[in-house]
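Student: I've got a protein up on the screen and I'd like to walk through it with you. Can we take it piece by piece?

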Amino acid sequence: MDFLLFAIFILMQLTSSHAAMREATSAQTYWKALLPQTPIPASIQQLLRPQKEMNSFKFERGQTFFKFFSCYKCIDNETPTHNDPIAQLFFLKDSLNLGAKMTLELTKSISMQPFLSVEMAKATPFSSTKLTEILGLFNIARGSMEAIAIQQALVECEEQPLEGEIKRCVRSMEAMAEFVKAEMGNRDVHVVETTVEGGDDNQVVPRQVYLVGSKEHINLEGEALVSCHPVPYPRAVYYCHIMANVEAYKVHLLGSNGVVVDTVAICHLDTSAWAQNYVGFKLLKVKPGTEPICHFLPRGHLIFAGL
């Protein structure tokens with residue numbers, strides 16, 4: 001690790017709680033200036049807390065959600081079992097009807113670390129060509145599950161977008177607000193994330209049968225929306241992209257144990273450019289460009305819609 005990276009690491013470790021709170025306040029002010037009609041999502045608010053430890057990144061099972069809900073050119077070499085939380089979130093459009101029953105495990109997708117400040121995000125490397133420096137910066141052993149997850153995240157952030165897709169991996173709250181503002185313009189922007197009532201936000205909601213209690217179509221201006229997916233990384237990173245040819249629904253789910261879930265169902269109407277071995281095709285037994293592929297929004301993922 002060269003002197004500059006070492007100095008950056010030491011500076012991160014020594015950042016005081018007071019400075020972190022000051023940065024959080026600045027980020028909130030910036031968000032409100034760019035998106036005055038859009039409340040800061042609860043999951044983003046949680047990322048503004050002070051954080052002293054820089055080397056606490058641990059790869060978790062749920063972090064594979066990122067790959068399957070943002071990387072449509074990714075190839076799945078191992079079909080998930082029916083007990084895998086990923087498999088349970090995919091469905092065909094015609095099956096989303098009032099009164100329908102679905103078995104789901106609403107695992108919180110990633111235990112996120114706080115955002116970097118804008119200054120720190122600009123000063124730290126974020127490129128697959130700088131993998132060695134990044135692993136050294138966060139004290140992560142090469143070849144570990146965490147190192148593999150970081151490398152995969154960097155590569156997928158650098159992948160060329162699909163036709164009609166605009167994408168950016170953001171590493172600060174300000175960068176997320178800038179991306180949403182740039183792509184949604186001056187329209188009123190509504191943000192939606194999956195919420196659970198009756199369960200512990202920090203634990204897995206048990207796998208159970210849910211009843212579709214209501215379904216409301218979200219009218220999208222220009223039939224496009226911005227979605228932001230948390231990325232497995234030592235500090236908060238979101239893969240944000242805008243996709244056309246989608247339909248979105250607000251869905252109210254009633255769990256068999258009394259848990260109430262409000263979520264979003266996203267249906268991709270044109271999948272012709274997706275990888276043939278994409279996990280959604282394998283699970284639903286359809287081919288690219290044939291039927292719409294739908295999925296529920298995992299916990300911690302965000303949808304910004306111009307209404």
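Student: Let's start with the cysteines: how many disulfides does a search of the whole structure find?
Tutor: Keep in mind that this is a predicted model. One pair to look at is Cys157 with Cys169, and another is Cys228 with Cys240. Cys267 also pairs up, with Cys294. Searching the whole structure, the count of disulfides is three.

Student: Take Cys157 and Cys169. Is their disulfide left-handed or right-handed?
Tutor: The two sulfurs sit 1.9 Å apart. Cys157 is in helix α8 and Cys169 in strand β3 (residues 166-170), 12 residues apart, so the pair links distant parts of the chain. Both cysteines are buried. The torsion about their S-S bond is about -85°, so this disulfide is left-handed.

Student: And which hand does the Cys228 and Cys240 disulfide have, left or right?
Tutor: Here the sulfur atoms are 2.1 Å apart. Cys228 lies in strand β7 and Cys240 in strand β8, so the bond ties together parts 12 residues apart in sequence. Cys228 has 0% relative accessibility and counts as buried, and Cys240 is buried at 0% too. With a torsion of about 115° about the S-S bond, the disulfide is right-handed.

Student: Which strands does the Cys267 and Cys294 pair tie together?
Tutor: This disulfide has an S to S distance of 2.1 Å, and its torsion of about 110° makes it right-handed. Both ends are out of reach of solvent by the under 20% cut-off: Cys267 is buried at 1%, and Cys294 is buried at 0%. The two cysteines are 27 residues apart in sequence, and the strands they tie together are β10 (residues 260-268) and β11.

Student: On to charges. How far apart in sequence are the parts that the Lys93 and Glu247 pair ties together?
Tutor: The structure holds one salt bridge, and in it the side chains of Lys93 and Glu247 meet at 2.8 Å, N to O. Lys93 lies in the loop between β1 (90-92) and β2 (101-104), while Glu247 is in strand β9 (residues 246-255), so the parts tied together are separated in sequence by 154 residues.

Student: Glu247 carries a charge-pairing side chain, so I want to check: does it count as buried or exposed?
Tutor: Look at its partner too: Lys93 has 30% relative accessibility, so Lys93 counts as partly exposed. The cut-off for buried is under 20%. Glu247 comes in at 19%, so Glu247 counts as buried.

Student: Now the interior. Which element gives the largest share of the largest nonpolar core?
Tutor: That core has 28 residues, and those with the most contacts inside it are Ile44, Met176, Tyr238 and Phe304. Elements giving two or more residues to this core include α2 (17-34), β7 (224-230) and β12 (302-306). The largest share, seven residues, comes from α9.

Student: Which residues does Ile44 touch, leaving out those up to four places away in sequence?
Tutor: Ile44 is one of the residues with the most contacts inside the largest core. Leaving out its sequence neighbours up to four places away, Ile44 touches Phe115, Met173, Met176, Tyr238 and Leu302.

Student: How many residues are in the other core?
Tutor: This core lies apart from the one we just covered. Among its members are Ile218, Val264, Leu284 and Ile293. The number of residues in it is 22.

Student: Anything odd in the backbone? What is the phi of Asn139?
Tutor: Most residues other than glycine have a negative phi. Asn139 sits in the loop between α7 (131-137) and α8 (145-158), and at 55% relative accessibility Asn139 counts as exposed. Although Asn139 is not a glycine, its phi is positive, at about 55°.

Student: Lys285 also has a positive phi; where does Lys285 lie?
Tutor: Lys285 isn't a glycine either, and its phi is about 60°. At 73% relative accessibility, Lys285 counts as exposed. Its place is the loop between α10 (279-284) and β11 (293-296).

Student: Last one, zooming out: what percentage of the residues is buried?
Tutor: The protein has 10 helices and 12 strands. Of the contacts between residues at least 6 apart in sequence, 76% join residues at least 24 apart. About 14400 Å² is exposed, with carbon and sulfur atoms supplying 52% of that area. Of the 307 residues, the buried part is 52%.

Conventions. Residues are numbered from 1 along each chain as its sequence is written. This is a predicted model: local features need pLDDT of at least 70, side-chain atom pairs count only at pLDDT 80 or more; totals for chains, interfaces and linings use all residues. Side-chain values use heavy atoms; hydrogens and water are left out. A nonpolar core is a set of buried Ala, Val, Leu, Ile, Met, Phe, Trp, Tyr and Cys residues joined through side-chain atoms within 4.5 Å. Buried means under 20% relative accessible area, exposed over 50%, partly exposed in between (1.4 Å probe, protein chains only). Helices (H or I, at least four residues) and strands (E, at least two) are DSSP runs, numbered from the N terminus. Contact means heavy atoms within 4.5 Å. A salt bridge is a side-chain nitrogen of Lys or Arg within 4 Å of a carboxyl oxygen of Asp or Glu. Accessible areas come from the Shrake-Rupley method with a 1.4 Å probe; for residues, only the protein chains shown count as cover. A disulfide is a pair of cysteine sulfur atoms within 2.5 Å.
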